[in-house]
Amino acid sequence: MKIFHIGIRRFCSILIGLVFFTAGMLKLMDPVGAGLMVEEYLKFFHLAWAIGVSRFLGVAMALLETLTGAALMAGVWRKAVAILTSTMMVVFTFITLILLIFNPEMDCGCFGEAIHLSHAATFIKNLILCALCAVAFLPTKEYGATEKKKIVAFTLVAVLVAGFCIYSLNSLPLVDYTEFAPGASLADYGDDINMSEAGNEIKEEVFVIYEKDGKEGAFTLDKLPDSTWTFVRAETKSLSISDYEDSRPEFFIADLQGEYRNELLLEDNVMIISVYDNKKFSEEDLAAAEDFIIRAESAGFKALPVSRAPLYLPDHETFTSDYKKLITLNRSNGGVTWLSDGEIIRKWTASNRPSAEKLESLQEKSSIEAMVKFVSGNRMKFQGLLLYSAAVLLLL
């Protein structure tokens, strides 16, 4: 009976750890998004004076959540981790209760951009986790000693998590869960695009064909198969615009006279240079962006500098857009987003814009295949990271 009780406690600890670890990693993958989430909380609780450190707080909380989950899964320092986990869950549950009562127009951000929960669902989820904590940590004895191999497992994963955090701080999210992720189409979004010119049935859904054991299967970009499948080709299927009326995110650009120019998003091979914070975009950054525009146009791309406030580029037309749209389109201030016929293909940070040689090679490739390769490769990397971490923590 005692062994059974210990097993139940350990199982509940692992479940809580999996939730904490996955939620933390999803937020660590997108530090800018984590900062925006904390910013919403600070505004709601009238702590706007702390917004300047919102990104730091978001990353710190995500790192704490991830390492706590790893410690729960590994089974190290069980009493201290039990106290920390229980404290976090009490605070989280209290906050979500307040959100449930006042029902502000904000997302809890529990799982970053990957999963959006209502306030009621978030509160119920936290109550379930609190119940699991009670089973896992009560009574507050019989925790047992920490095995040395488990400390080694936790250390290995902690180093991996720290490396992933550093990578994410200097890169775009490995997997993009925003509404403007690669594969999203801007071709028929928004009331300002002339739908009569666009046509009645011009929305194309991308299907990726993979093969396994001699059989082919069709998948969408948000539901790719595991690594046992082999990529064969990408296909598109034309569907009615009405099929997307409830799921189309809106994006717009306007020229300096205030006229909407969304038709430019429909052109083939467009590179958007998006600046969501002009104050942090220096003269050197502006010069580097202008150099990229020249490179892109020489390679046959149409370059569109789009910013929150007008940019001064005397030799190039510039455009403006909304702050939230820009920071959602590309998390890097001055980052580049490649569109083809209004469909988002790929993104780069401001410090990693494509070279002239890379731009030339992109022109020679199929944009759809380039997108599929990029998206599937990054998804497999992130999934592999999660699976490897879980295997080390649970099996070592």
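How do the axes of α6 and α11 cross, and within what distance do they come? The views below take that up along with a few other spots in this predicted model.

**View 1. The whole chain, for orientation.** The chain has 396 residues, and 47% of them count as buried. Its secondary structure comes to 11 helices and 8 strands. If you look at contacts with a separation of 6 or more, 73% of them join residues that sit 24 or more positions apart.

**View 2. Where α6 meets α11.** Here's the reply to the opening question: the two axes come within 8 Å and cross at roughly 160°. Since angles over 145 degrees count as roughly antiparallel, α6 is therefore roughly antiparallel to α11. The crossing of this pair is left-handed. On the α6 side, the contact is made by Lys150, Ala153, Phe154, Leu156, Val157, Leu160 and Phe164. From α11 come Phe382, Leu385, Tyr388, Ser389, Val392, Leu393 and Leu394. Sort the residues of this contact by type and you get 12 nonpolar, 1 polar and 1 charged.

**View 3. The largest nonpolar core.** This core holds 51 residues, and those with the most contacts inside it are Ile16, Met25, Leu28, Phe137, Phe164 and Phe382. Two or more residues apiece come from α1 (2-28), α2 (31-44), α3 (54-74), α4 (78-102), α5 (119-137), α6 (148-169) and α11 (367-395). The largest share, 8 residues, is from α1. As a general rule, nonpolar side chains tend to be buried together in soluble globular proteins.

**View 4. Zooming in on Met25.** Which residues does Met25 touch, not counting those up to four places away in sequence? Pick out Thr66, Val161, Phe164, Phe382, Leu385 and Leu386 around Met25. Two of these names, Phe164 and Phe382, also turn up in the contact of α6 with α11.

**View 5. A second core.** Apart from the largest core lies another one, made of 26 residues. To find your way to this core, look for Val275, Ala299, Phe301 and Leu362, which are among its members.

**View 6. The surroundings of Thr320.** Thr320 is found in strand β6, which covers residues 319-320. Is Thr320 buried or exposed? Its relative accessible area is 17%, and under 20% means buried, so Thr320 counts as buried. Setting aside neighbours within four places in sequence, Thr320 is in contact with Phe252, Ile253, Ala254, Asp255 and Leu256, among others. Its further contacts are Val306, Ser307, Arg308, Ala309 and Pro310.

Methods. Residues numbered from 1 in each chain as written. Predicted model: local features only at pLDDT ≥ 70, side-chain atom pairs only at ≥ 80, totals over all residues. Heavy atoms only, no water. Core = buried A, V, L, I, M, F, W, Y, C linked by side-chain atoms within 4.5 Å. Buried < 20%, exposed > 50% of the residue type's maximum accessible area, 1.4 Å probe, protein only. Helix = DSSP H or I, 4+ residues; strand = E, 2+ residues; numbered from the N terminus. Contact = heavy atoms within 4.5 Å. Axes fitted to C-alpha atoms, helices over the stretch in contact; angles between N-to-C directions. Parallel < 35°, antiparallel > 145°, perpendicular 65-115°, else oblique. Left-handed = near helix turned anticlockwise from the far one by under 90°. Nonpolar A, V, L, I, M, F, W, Y, C, P; charged D, E, K, R; others polar.
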